[in-house]
Each structure stands twice: as C-alpha cells, then as structure tokens.
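Thanks for asking me to look at this one. Here are my notes on the cysteines, set out as numbered points.

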Amino acid sequence: MCPLMPGKTTATLRIVQQWASVFSVQLREIVTKYSGSQVLQKKLKDVEPIVKIVELDGNDLVKEYSDEIERMLGSKMKSAKRLAESAEDADLYHDFNASLQFDYYNSMKINTVDEDGNYADLGGEFPLEENEHFNNLLVNTLQSDIQVPTNVYNKDPNILNAIYNSEALNDVFIGNFQKDPTLTWQFFGSSTGFFRIYPGIKWTPDSNGVAAFDCRNRNWYIQAATSPKDIIIMVDISGSMKGLKMTIAKHTINTILDTLGENDFVNVIAYTDYVRYVEPCFKGTLVQADLDNREHFKVLVEELHVKGEAKITYAMKEAFKILNEVRLKGQGSMCNQAIMLITDGAMEDFQSVFEEFNWPERRVRVFTYLIGREMTFAQNCKWIACNNKGYYTHINTLADVQENVMEYLHVLSRPMVINHDHDIIWTEAYMDTVLPSTKELFNTKAQSLLLMTSVAMPVFSKKKETLSHGILLGVVGTDIPLMEVVRLAPRYMLGAHGYTFLITNNGYILAHPDLRPLYKDGKKLKPKPNYNSVDLSEVEWEDTEETLRTAMVKGETGSMSLSVRASVDKGKRPLYLVNDYYYTNIDETPFSFGMALTKGHGQLVIMGTVSVEEGLHDLTSPDLTIASEWTYCELDIDPDHRKYTQMQAAVRYLNGKEPDLECDEVLLQQTLFDAVVTAPLEAYWNALMLNDGDGVELGMETAFLGTRSGLMRIMRYAGTETRVAKRFLTATDKDNLFTIDHFPLWYRLAVENTPGRFYYYPINDKGVKYVIATTAVTVTSEGKTAMAGAVGVQMSLGLLEKRFWSIAKQPSDTDCSTIEGVCPLSCESADLNCFLVDNNGFIVLSKERNEVGRFFGEVDGSVMASLIKMGMYKKVSLFDYQAMCRNSHHHHSNSARPLLSPFYTASALLRWFFSNVLMFLLDLNLWPLWHSDYFVDAKAGYHTSHKQKRVEAWQPCDTAYPGFMYDASIREANSLIKCGRCQKMFVVQQVPDSNLVLAVTQADCDCSRQYPPILLEAKEIKYNATVKCNRMKSQKVRRRPESCHAYHPKEDAKDCGGASAISPSLRLFSSSLVVSLVLCLWR
C-alpha cells in the first residue's frame, strides 16, 4: 500500500505545508535568539543618523592602488640597479689571477665539522638565526653565501675570481635591506655557474648530497641575459644518429627548450631525407614558448626515432622560410632569430642556402651542435656558425650539454652587453620551492599567493679590451612575493566578492583569487604543469569577447561591467553577480593591474566615527578579533615591529605607545566604529549564557558576527569537550575567517541573500557534520542601504533533528478512518523519506546522517530530475579551464622541473648520473654496454617514456560542471514518478523565511534503475583534432617587451666557438661515480 496515494495529494501537500510552516517558525525563533541578529540590527538602526554611506569610485581606487604597486616595485628595481653597478665596478678593477687562492662560504658546507671537530673546507662557522621576515628560516642577515652546483668545480680559477669579485655585493645587499626592509631574497647568478644569495642560508642538497640547482637555468637569468627570440630547432634523425647520439640530441633539445620563456617563440623540425615537424599542427609557424608548449615539445621529441639519410638543405630552407615569413607578418618576438642545428655532421657548408636566405644582413643566427666523438665534419659545422653570427659547440656526452647550450645565450646577449643596456626584466609568476617552508604554505595560504615574481638585471664587463666580446658576468635580482603586492589593495575596500588581479604582457595571470596553481595527487599537493601560463580568459571566462583581457594586455586604462557566474564553497554554490572591472598598467613593468567590485553592496561602504577611547575599550574585548592577515598597520618596515600581531600593533598605535607605526587610518576608524556598534551583542550573548533559565539549548554551539573591517566576535555556547564543530572559527578554519584572499564563506553567502532572512547550509568537515545559519545586517542612510556585516550561529545536527522530527509527524490520535494508506504520516516512519534541502540542492537534514552535505540528486535522482524539469531547481553551467584529468591521449608532460624547483628534484640527479656514466663508458670503450637491458631500463628512468606518462600522469584539461539554484518563485511541487512496477509520490514544500525546502518522498518505490543519480561531477570538454590544433597554435593579443637587442656593429662575430668540450674534473667524476653506484644498488 502506497503511503502517498494519488487521490490524497492535496491532503498530503497540506500536511507537509503545515510541517514546513511550524518548523520555519521554530527555526527562526531559535537562530534569532542565539545569534542576536535583531539586537544588532536595532543598534545599527540607532546609529543611522550619524553614519555616512560612501559609494566607492573604482577609477580612483585602481589608480591609487596601482600607484602604490608602482612605488613598491620601483623600490625593488632600485635595489637591483645598485647591485648591478657594484658588481660591474668590482669586475672593472679586478685583474684575473689564475693562481688565486680564496676561501668563501659555500652554502652546502657551512657549519659542517668532521669527526675531529674541524670545519669542512670552504665551510667554517656561519651564524644562522630564525627570521620571521624570511618565513622563519635560519638565515644570516649580515652575510651572503655561495651555492655551487655539484657538477661545477668549486675551486676552478674562473669560479674563484668571480666569487672574489662578487664579495663587493655583501655591503650592497645589507644596504638595500636597510633602505627597504620589505625586501626578501637578493641574489647574483654568475655566468660561471655559482649563485650568491642574501641573506646567507644553509643550502640543503638532496638525499644523495647533490646540489643540482643551476642559477643559469632559472627564468630570471635567461630573460635578463637575452632579448626575446624566435628559435627553430633542427634535429638530425638520420640513421647515423642512433643510440647515444640520439639520446644526447634529445637532451640538447630539451635543454634549449628550458632556456625559453613566454616572450619567445619556437618550433622543432626533425629531418632525414624529408622535413618532419615534430608537431604537425605547428607546420609552417612558430608557437609561444610558454611552459605548456615547451613540455608538449619534450613529450614529442622523446618519441623521435632514427631512420633514413640526412639532407639538411630542405630543412634549412624550411627554417629560413618560417622565420622570414613570421618577421614579415609582424608575428613572433620581432627581435632575435636563430636556428639551432643539432647533427652528427654536415657534409657541406650550404653556402648557397645562406646566400639565398640570410646574407648579407645575417638576421638569423645559426648555432651548430655537433653530436658524438666523430670530428670528420666538424669544420663545416663551425663554418656554418661562424658565417652566420652563431656559435659552434661539440657535444661528446650528456655531461657536455648544459654548458654548451648556455653558450648561445652569451652570444645573443652580446649586442645588449656592448651597448650597456641594462634592461630590467620581470619574470612571470613562479613557485620557488627552494625554501623549506613553501610546502607548509601550501595548506595555509591561498594558492595563488604562494607565487612570486623576480626583478632582474644583467651585469656586464666594462673592460675596454673585451668590449667587442660582449662578456656577460651574470644577473642580479630580487624576489617579490605576490602576496605582498596584493596586500597593497586593502581587502576591506573590495567587499565580500571583490578582488584584485595582476597579469603579464602576454595575458598570463600573476595573481588572481581564482588561480589554482596546485593540484592534489593522492595526499600530496603538487604544482600543475602549466600553473604559470594560465591566461586571464581562462579565469574570467564570462568575458567571451576577451574585451577585458585585450585592453589590459595593451596597457590601457579603463573600466567595464560584466554579468558573471561566480561560485563559492569550492565551486559548489553558484552565484549570479554583476562585476564592475577597473584596470590600468603598472609603469616600468610588463604588468597590468585590475580590480573587480560587485555592483550594489560591494561598492557601498559605511563610514562612522567614534572616539579612540570609546573604541579601544570595546576593541580589546576578549570575544573580539581582527583579520590577522590584513594590514591594519605595517609591521615589516621596522624590524622591531615584526614581533607584534596586527591587533597588538593597532592597539599600541591607537593608545600612542607606537606613534611611528604606519597604519591604515580609514580601516582603524572603521574597526573602532564596528567594535562600538557590535558591543551590545557581546553583552546580549553573555546574558543568554548567564540568565537563560533552562540553559542554552543543547546543540547550539557558537554565535558569531563579522563586519567589513575584518572584525569578528565569537561566543562559544558549548565548551570544547562537548562541541561537535571543534575546528569551526579556529585559526585553521580558513574558509570561515577573513583572510588576505577572501571574506568568510558565511559572510559571502549572507550578503547575497535577503537581509534579516537566515541562510542555512550544511558543513561536512572531514566527516564532522554541522549546520550554519547566517544573515546580513544593514544600515540605511540618505536612500542608500549598505551591508554592515553578517551574523549567525553554528549548531549541531542533533539540535535540528530533535526539533524537526518532533514536528514532522501527525499526532498519534489522528482520525485515520477515512484515510487510505499509512496513517498517521510521520517522517520517522519507514514509509517516508524526508529531507531538508538547501537552495543549491544540498541535504541539510535526513534520517541517514551520511546523506547530510551530499547533493540531493546523488541520493534521489528521480525526484531531483522531476524538480529540475518542473523548474524548481535550475541548472547553472560552470567551467574550469585549470582542471587536471587522467587522460591517456593528452599530450602534456608532467615535468616542469627547471621552473618548479631549484633542485630539479630527482630528475636532475639522474641527468647528472647518466652523463658521467656515459663518459666513463666512452673513456673505457664500453659503449656496447649501453645497449644492455640495464642501461635501456635506466634510460627510461631518465627520459620518462611517453607510455609511462599516459598511464600515470594527471594532465591539464578543460572541464564543465553543473551547479543548481532554487527558484524561490515556485513554493511547492508534487508529482507521481512511474518507476517500472511502482509509482513514486513526492511532495516538496518551501520552508518560509529560509533558503530551505522540505522534500517528502515515498520510501518503498526504488527508481534508481530508471533514474540514475544526478552528480555534480566535472566532465572533460573533448576537442576534436582541428579545434585542439587551432587552440594550441592560436596567438592571443600580447604586448611585446619594449626593448630588443639583436644587432651591434662592434660585435665580434669571429668568437664563434670551436674549443673542445670541458670535461669535469677527476675529483668530480669520482664523486659522481660513487653516486651512480649507490643509485645502481638502490634501483
């Protein structure tokens, strides 16, 4: 017998309606009582005559904040300039001394003693102290120290002379830090390979004692050393390149790719007796050398196989045609152009090709890399490079690759060096895991704020006798955490949904609250392969015409409005907002700054005044806190102030104990006003605790409020021992606190709903489930209504269950004589399933607690499908262009090692290991062993095969996922669902004065076979081959860097290489062999 008979729908609907109505009254009474919302709203009503509501002018704000950012970044540029001048002067007055003996602090060896207590060579005592400004790392702010890669001999005369010269930087480092205490890491990367860092640190090698970090591979070094460039890599894949030669060639290609950045353009051509593009989609063009494309090339290069006979002429002509066409069309970098020829020999010099395409201007430089021990055709390779303003190198082994590839950067830098053009460069966003605490920050800071940018400048030799050689000494620079830049736009001015963002001249995001550079792989958080090449259009995807992106990339100043589908609560809850965007460029940088303010409440700020004495009294209440991540007062300017919390600093400034503090007067005044206005709520909450005759209702655990100034008050009605939600509103509960990145979730939900009406939603915190009720409070003045804040309560499921189950049933003495089916009706009976569901479709209450917090469609797809069809819930399509998918056919490498980690992690160790093993094999004439199973297996470990990647790697992808919103105009719904042999009745009724609906469904009719669950899972957007190709090679609007140094008449083009490859010292080789043997045993 069906408990909900079709003929009794009207009666059932009336009963459910009554339940919803009674429950609504009780629910509102309890949350109003314990939150004190009406007390606070009354107080705000009382102060309306003395407050002023100000409408923010976005154009003024964006100019003010961009000026602040310009001043900050300008200060960093001045620091870099001082470093460059000092380094050049030190070199100018130093004569090279081949027998120089000089002890320096090697960062790997400092404070290291042997068994007898003697300090290691190049070590010594180096005091280190924990420093809060440097993420609580152990540092020495009085001294810099030196890091030398393991494969560079740390006492080589060139190294010693360069380190000796760079000692002059110590005083400049310290002076810079004194002038600008907000500076973080300062550094000098030498062209010889060492890295001087301030403050000095203890450099931690990997578990095998290897320091694979080479500063010359870092983006800041490469960008500062050269101008933008168009590169075509030509690789010989003829039959003569088999075996080790092909392995070295592939490694050479990858190393060249690692020297490119987002201002460069590239393509890779493989040739035998015909021309083959490694990516057919890129035929006849160049693509931007962003991280995504570079890694894509690496995967494809790994799949190259040798065959046929080498015919360079066709490939060389193809390369010149591409470069000429790109230049004529105004595409690519419009600066340097070069061809990288990787081969085991050139049988002729191809003079006719150069006469046709490159002479006499020689716009395109040609660099040649002769692979293998065979020198028969070396002269032709050298002639090609020397007659096309390039450089020739001979690469015997994998160990030779790094140093030989770096030579082309020094050649390209010559025009800039000879001109002494100290171009200042700014890097794209990157995540530097050289600092141990970075991994800890993954879980404590907004993801996008983990990133940083670097400002860097090249350092040149000023000596007249070497002017035409254009000798690059290295690069100086300093890091700027993007969190410090974002802080310059105060969070309180932006409102609940407002935000600021920064993009580069290429449209890539530097900082944006929706940038998610990390993904979860099992329990580990890892950087995404393409984390620093996320385009603004992939985050602001509602801007389908890319109007905002285009204007910002062009460096324009302006504003625009856009209706957007936003989401909160980890993307689960969609919101429809109208944002006003304001934007401008940041002078002397390639960056543009943008700001979004939500129309309406987001642009209205309440300004009230109270005396400092009155405000301080209430500000120091024990239940009151302020946003610890916001800047009420600057604590970094004076190191003595770093010991204070923001609350301590604010109080000391206001009571006159620290008048030298730089504080935000507007924010402090708002905070004092909010403290006074909300003080009655503290008294009210305390009175409830003391005077409620029956005590606080069991399950009512916490009351809270928050204001736009970042002020919060919290009342714990239940002790820690009895509280279900122990983590709620504690320091680790970032979602529900004011942070540098966002307002609390309960605040953002409250302000988007009718003020005075409570918004209810469930929380599932790692299995701990509870319910939040929150509402907005307002102030009205001169016809304008502004949000003053949000107030609410947190309660246990038990409290709601107790109230609801007692209401949702007919009395036991109900007259059932004329009723067919189950009577009396009760949500506690096995015949009915009853749910409280919120406006986004999430279950707030169910008989089965494991269903709380889940999407209703996942639990009952049949009823949810009917509600969607009836229009009670509407689907909202959302998109994620930063998703990660397991996709066996997606061509993206998951290895971004040179940019992601200064240690290259294990892959760098493997690279070094195999380089030296191969040298050993060659020297002992053991080459055939390379073809043994062991070495084939080892090679797969170093060059991770594409087959392995397809099985294991998460890959960047685009996804679409649904969200749902309740249409409040539809107050009730009921229907009959036919499900095979049974019919399922359901009744859904709006719970008045809330965002909830009560759903009552028939329990004994299972419709799961006919109606599968409706899931909120994201689905990958699949692109066909043509669309995928067009997306990969499309070039969006970008702003080229202003400077270009491609030519100088005094350049000494005769300095074009030819020296044999430099082999590591015997000592280094011995140590590498030991590591190799250890690794062999480990494997």
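The points below go through the disulfides and then the burial of their cysteines.

1. First, a word on the basis of these notes. This is a predicted model, in which local features need pLDDT of at least 70 and side-chain atom pairs count only at pLDDT 80 or more, while totals for chains, interfaces and linings use all residues. Residues are numbered from 1 along each chain as its sequence is written, and side-chain values use heavy atoms, with hydrogens and water left out.

2. The model contains eight disulfides, where a disulfide is a pair of cysteine sulfur atoms within 2.5 Å. As you know from the bench, such a link is a covalent bond between the sulfur atoms of two cysteines. Three of them are described here, among them the pair Cys633 and Cys663.

3. Cys633 and Cys663 are joined with an S to S distance of 2.0 Å. This link is right-handed, with 105° about the S-S bond. Cys633 sits in strand E27 (residues 633-634) and Cys663 in strand E28 (residues 662-663), so the disulfide ties together parts that are 30 residues apart in sequence. Strands here are DSSP runs of at least two residues (E), numbered from the N terminus.

4. Are the two ends of that link buried or exposed? Cys633 counts as buried because its relative accessibility is 0%, and Cys663 also counts as buried, at 17%. For reference, buried means under 20% relative accessible area, exposed means over 50%, and partly exposed is in between (1.4 Å probe, protein chains only).

5. The next disulfide joins Cys827 to Cys834, with 1.9 Å from S to S. Its handedness is left-handed, with -85° about the S-S bond. Cys827 is buried at a relative accessible area of 0%, and Cys834 is buried at 2%.

6. Which parts of the chain does the disulfide of Cys885 and Cys957 link? The sulfur atoms of Cys885 and Cys957 are 1.9 Å apart, and the torsion about their S-S bond is about 70°, so this disulfide is right-handed. The pair links distant parts of the chain, 72 residues apart: Cys885 lies in strand E36 (residues 873-886) and Cys957 in strand E37 (residues 954-966). Cys885 counts as buried, at 10% relative accessibility, and Cys957 is buried too, with a relative accessible area of 7%.

7. Two further cysteines are worth a look while you have the model open. Cys215 is buried, with 0% relative accessible area, and Cys381 is likewise buried, at 0%.

Note on methods:
Helices (H or I, at least four residues) and strands (E, at least two) are DSSP runs, numbered from the N terminus.
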